[in-house]
Each structure stands twice: as structure tokens, then as C-alpha cells.
Amino acid sequence: MNKFYSYGKQTIEQDDIDAVVEVLNGDWLTQGPYVKKFEDDLSEKFNAKYVSAVANGTAGLHLIALALEWKQGDIVITTPITFLASANCILYAGATPDFVDIDSVSYTMDVNKLEQKLKDYQIKGKKVKAVVAVDFAGHPCDWKKLRLLADKYSFQLVNDNCHALGAEIESNIGYACKFADIVNMSFHPVKHITTGEGGAVLTNDVELDKKIKILRTHGITKDEKYLTKNDGPWYYEMHELGFNYRITDFQCALGSSQLKKLKSFIKRRIEIASYYDEHLSNDERFIVPELSAGIKHAYHLYSLQIKFDELRISKKDFFEKMKENNIGLQVHYFPVHLQPYYKSNYGFAEGDYPMAESFYKNEVSLPIYPLLANDDVDYIVKKIKEFAI
Ligand SMILES: *Cc1c(COP(=O)(O)O)cnc(C)c1O
């Protein structure tokens, strides 16, 4: 009875533990063969030509910003309903952030509003450098339209894919690299598969991959082809200002072990989502997440909207009641443009993105992770219905 349900949680089994212990008993803790193995596994799974495993998803986004050479004055657009890192990577590069409001069905970037914004910039004689679109909650964006716009308005297209490992567009699990120029993943414990901390950058572009790999490790190269001279086997050169954004071998062993289970993890997440759908969708008080045509949702989050305006209970009281009953909801997300840092440094304000703001008022993320049992889900649904009055 003292079980506590958080909105997300990792699944670690004995074979995962064994995989890590094996590496710990070996010769390499970092920069050994397991990093390459994990990269190859990701490459195969998601049909990406090149993969770089990195320290975490935020480091991956930073490397993407550097590899795409964003700089001061460049305009880069993302969505307000995302984790801070999707927007902060724009600031790391010294570029200028802008946002496009979310779509009412997928809660991802509204592609029509994006096109309007691109036109508005064009009229002002300005060009958009890049778009970072986020497959929010595990629902892929309208990537076909995004690709068309990227080609038409010639901007770089980034998929912050952290929520959507295992999602599909028209049965293609490798859609991220198919449509975007470069893709970012995170393996934080609340995500679909975990390496503790960890992330990966995926691309089909060999030049971008080269830059990512060099920037990941201090901007250093040892590759004969690129050295300006060669003093001997010890010799290396620094060609870029890079970082130490590497990941360890034992984390990558865990990653490879986890990746094998992605399919079953997604299957269980979909079962739980279907149960929530079934029990909450025919109730006036709730709006359950919808699917766009041709999409397989990966349900990193189950994003329920509750019409608090029409209820006696406030969102805050509802949240607390649920917590008293061992149900740890979360809210994804407080819109990024309303963060004090963004308001005061970039002039964003209340009312700029009304869909995102009203979504925030109603949204709660329900517990969803593979280890949640049917009885647990049943209990959570019962409590939601009991308190949402
Ligand atoms: C988790 C997440 C990140 C950051 O990943 P970390 O591994 O926690 O640094 C970036 N973007 C989105 C959308 C995320 O959900």
C-alpha cells in the first residue's frame, strides 16, 4: 500500500545488471568497445548512418548547436512545450530563440503557424537558421511538412527526439533521421531506455557526424587525414573548441541491454495508455491525448488535460490530493517562453503562445512506465475520477 507512483520510472532487470558488471570487471571503463557497440546498435535500430553516444541529452543538443554553427544573430525556433534544454541549446550558441505555438491535436509544433512565422521573417528580410522540433510526449511532429518547409525556406531541421524512441511514422521507427538533418536522444531514467545519464546524436550526414565526434572530445583529432603534421604515435591536434561530453563503457553496456527491450517497453506503455484512454475518454472532465494519422505514439508521457475551469477543485489541490494517495503526477511543461530568464532576456510575455499556455493550465502527466501493473493503473484512474470534481 505504500507504493508510490511517479510519472516515469526505469526498468532495470538482472540481464542489465550483468551487462554492466561484465564491463566493470573488464579493462575499459570508458572509451572502450562498448561505446562503439551501443552506437552501432542505435544506428541499426533507428536506421541512422552515424551515431555519437554522449554524456546526456543536453550535451547532445549543445553539440548539435555547435556542429550546425549557430552564432549570434541567428534565429532558431523551437516549441514552448518542451524541456528547457531544447531552447537552452540555442542560447549556448549565442543565437536568438523564438517559438511557435503548439497544435491542438498532437501538442507538437503547429506547422501552419511555423510557416506563417517563416513568411513574417521573410517579409522583414530575415532568415531562420534552424528549427528544433520536439516529438512531445512521444507523438511525432508533422515531419513531412517540416521537411517540406525546411527545403522551401532552407533552414536546418533538428529533431529533439528525447520523448519518442520507438515511435513510428507510417510504420517507420527510423523516421527521425529520415526527415531531420540531425537528431538528439536522451537516456535519462525517465526516458524509454536508460544509461543513468546519457544521450546520442544521430545523423545521415557524414560532415555533421565528424564535427560532433570531434567536439565531443575537446575538439581533438588523431586522424592522419586531418593532422597538419605528425610528430609520432602520441601526437594529436586540437582543431575546434570542444568539450568532454563522452559517455562511459559501462553506461553503454547498459544502453545496449536496454535497447533490446525497447519494443516490449513500448508495447507495455501503449497498453497502459489504452487503459487510460478507455476509462477517461468518455468523461466530459477530461481530454485524452489524440493520435494524428499514420502515427505510432511512444507514450513517454501520458498527457491528460483536465478541465479545471469547470471543476471545483484547483489543479494545485488536485495535485496534492493525488500525492497524498501516493500518486506523483507531474506537469509537462511550464511553457519555456514564460521562464523568468526568457522573459527578462528575450522579451517574451504572457499571451505570446495561447495554446501552449492553456495546455499548461490543464495538463497533468499520469504515471506511465513498463513496471506499472494493471491494478496500479486501475487504482490511479479511480483516484483521478474521485478527486477531479
Ligand atoms: C530529457 C530531455 C532533454 C535532456 O536530456 P538530458 O539527458 O536530461 O540532458 C532534452 N530535451 C527533451 C525534450 C527531453 O525530454
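Domain 1 and domain 2 bury about 4,200 Å² between them, with 65% of that on carbon and sulfur atoms; buried area here is the accessible area (1.4 Å probe) lost when two parts are put together, summed over both. The domains run 5–259 and 262–387, with bounds from an automatic or database domain assignment.

This is a predicted model, where local features need pLDDT of at least 70, side-chain atom pairs count only at pLDDT 80 or more, and totals for chains, interfaces and linings use all residues. Numbering starts from 1 along each chain as its sequence is written, and side-chain values use heavy atoms, leaving out hydrogens and water.

Here's the domain 1 and domain 2 interface in brief:

| Item | Value |
|---|---|
| Distance between C-alpha centres | 25 Å |
| Residues in contact (heavy atoms within 4.5 Å) | 49 of domain 1 with 51 of domain 2 |
| Salt bridges (side-chain N of Lys or Arg within 4 Å of a carboxyl O of Asp or Glu) | one |

The salt bridge pairs Glu168 with Lys296, their closest N and O atoms being 3.8 Å apart.

Now for the voids. On a 1 Å grid over the protein atoms alone, a cavity is a set of points where a 1.4 Å probe fits but can't get out, and lining residues have an atom within 4 Å of a point. There are four cavities of 30 Å³ or more, and the largest holds about 40 Å³, volume being the space filled by probe spheres set on the points. Both domains give residues to the lining of the largest cavity, so it lies between them. Among those lining residues are Lys9, His192, Phe265 and Arg269.

Methods: 1 Å grid on protein atoms, 1.4 Å probe; cavity = no way out; pocket = protein on both sides within 12 Å on 5 of 7 lines; lining within 4 Å.
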